[in-house]
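Student: I would like a close look at a single part of this model. Please take one residue and work outward to what lies around that residue.

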Amino acid sequence: VVGDRGEKFVVGVKLVASRQEKYESIKHLLNKADDRLYVRDALLDRGFYGTLYARAMKETGVHFVARSQVGYKAKKMWDNAEDGVNVERVTMSRSRAPYVSVEVTRFVVPARDDADAEYMAFITDRELTEKQARKIGRDYKRRWGIETSYRVINDFLPKTTSKDVA
């Protein structure tokens, strides 16, 4: 969780091995977070992009923003963006079982200054203006500290060959 003032803390961790477990873990963790604090938006990485996951997030009632795959649809939106932002309401549908669909807002915003990509693409359950989409893009950048902390966690572990525990 990233607070309004930039503070970061963990609400829960769940190891998952399958898509079904991931689907259930989304609902479990978002409900757990919502029970403990006010969640304005759950900001999720690309691993949670997809119709099933968007459906699970909508079922919790917690507003979400998930980083989207940068494919031809996002590229087309970016090419048609005015002032670097484009927002559209779409219906995501699965083409194989389980057949589900969910209405979301897809949007693109300029990427971070230090990013390799030119833009970032997202989905959310909210209806947004271009100004709100730009703000969410800025808010999402605060997630990077969390991603970095998971990536470098093993770099901070002490290492020794001493047999003396002290």
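Tutor: What follows starts at Phe 64 and moves out to the strands and helices around that residue.

The model is predicted. Phe 64 lies in strand β2, which covers residues 64–67. Its relative accessible area is 0%, and since buried means under 20%, Phe 64 counts as buried. Leaving aside neighbours within four places in sequence, Phe 64 is in contact with Asp 41, Ala 42, Leu 44, Ala 54, Met 57, Lys 58, Val 104, Ile 123, Thr 124 and Asp 125. Asp 41 shows how the fold brings separate parts of the chain together: Asp 41 and Phe 64 are 23 residues apart in sequence, with their C-alpha atoms 5.0 Å apart in space.

Next comes the core. The largest nonpolar core has 22 residues, and those that touch the most other members are Met 57, Phe 64, Val 104 and Ile 123. Two or more residues each come from α1 (19–36), β1 (42–44), α2 (51–60), β2, β3 (86–93) and β4 (101–110). The most come from α2, which gives five residues. There is also a second, separate core of 11 residues, with Val 109, Ala 111, Met 120 and Tyr 140 among them.

Met 57 is worth a look of its own. Not counting residues up to four places away in sequence, Met 57 touches Ile 26, Leu 30, Leu 44, Phe 48, Val 62, Phe 64 and Ala 66. Met 57 is one of the buried residues of α2, along with Thr 51, Leu 52, Tyr 53, Ala 54, Ala 56 and Thr 60. That makes seven of the 10 residues in α2, a helix that is mostly covered. The buried residues of α2 pack against α1, β1, β2, β3, β4 and β5. Just after α2, Gly 61 has a positive phi of about 85 degrees.

Now the sheet. Strands of a sheet pair through backbone hydrogen bonds, in a parallel or an antiparallel way. Here five strands form an open sheet with mixed pairing, in the order β1-β2-β5-β4-β3. Because β1 and β3 stand at the edges and have a single partner strand each, one side of each is left without a neighbour in the sheet. On average, neighbouring strands are turned by 25 degrees against each other, direction ignored.

Strand β2, where Phe 64 lies, pairs with β5 in the antiparallel sense over three bridges. Ala 66 stands opposite Ile 123 in β5. On its way across the sheet, β5 (residues 119–124) also pairs with β4, again antiparallel, over six bridges. Pro 110 has Tyr 119 in β5 as its bridge partner. Strand β4 is joined to β3 by eight bridges, and these two strands run antiparallel. One such pair is Thr 91 with Glu 103 in β4. Seven of the 10 residues of β4 are buried, so β4 is largely enclosed by the rest of the structure.

Helices complete the surroundings. Helix α2 packs on the sheet and touches β1, β2, β3, β4 and β5, with its direction at about 100 degrees to that of β4. Helix α4 (residues 130–140) lies across β1, β2, β3, β4 and β5, and runs at about 75 degrees to β4.

Conventions: Residues numbered from 1 in each chain as written. Predicted model: local features only at pLDDT ≥ 70, side-chain atom pairs only at ≥ 80, totals over all residues. Heavy atoms only, no water. Helix = DSSP H or I, 4+ residues; strand = E, 2+ residues; numbered from the N terminus. Buried < 20%, exposed > 50% of the residue type's maximum accessible area, 1.4 Å probe, protein only. Contact = heavy atoms within 4.5 Å. Core = buried A, V, L, I, M, F, W, Y, C linked by side-chain atoms within 4.5 Å. Pairing = 2+ DSSP bridges. Axes fitted to C-alpha atoms, helices over the stretch in contact; angles between N-to-C directions.
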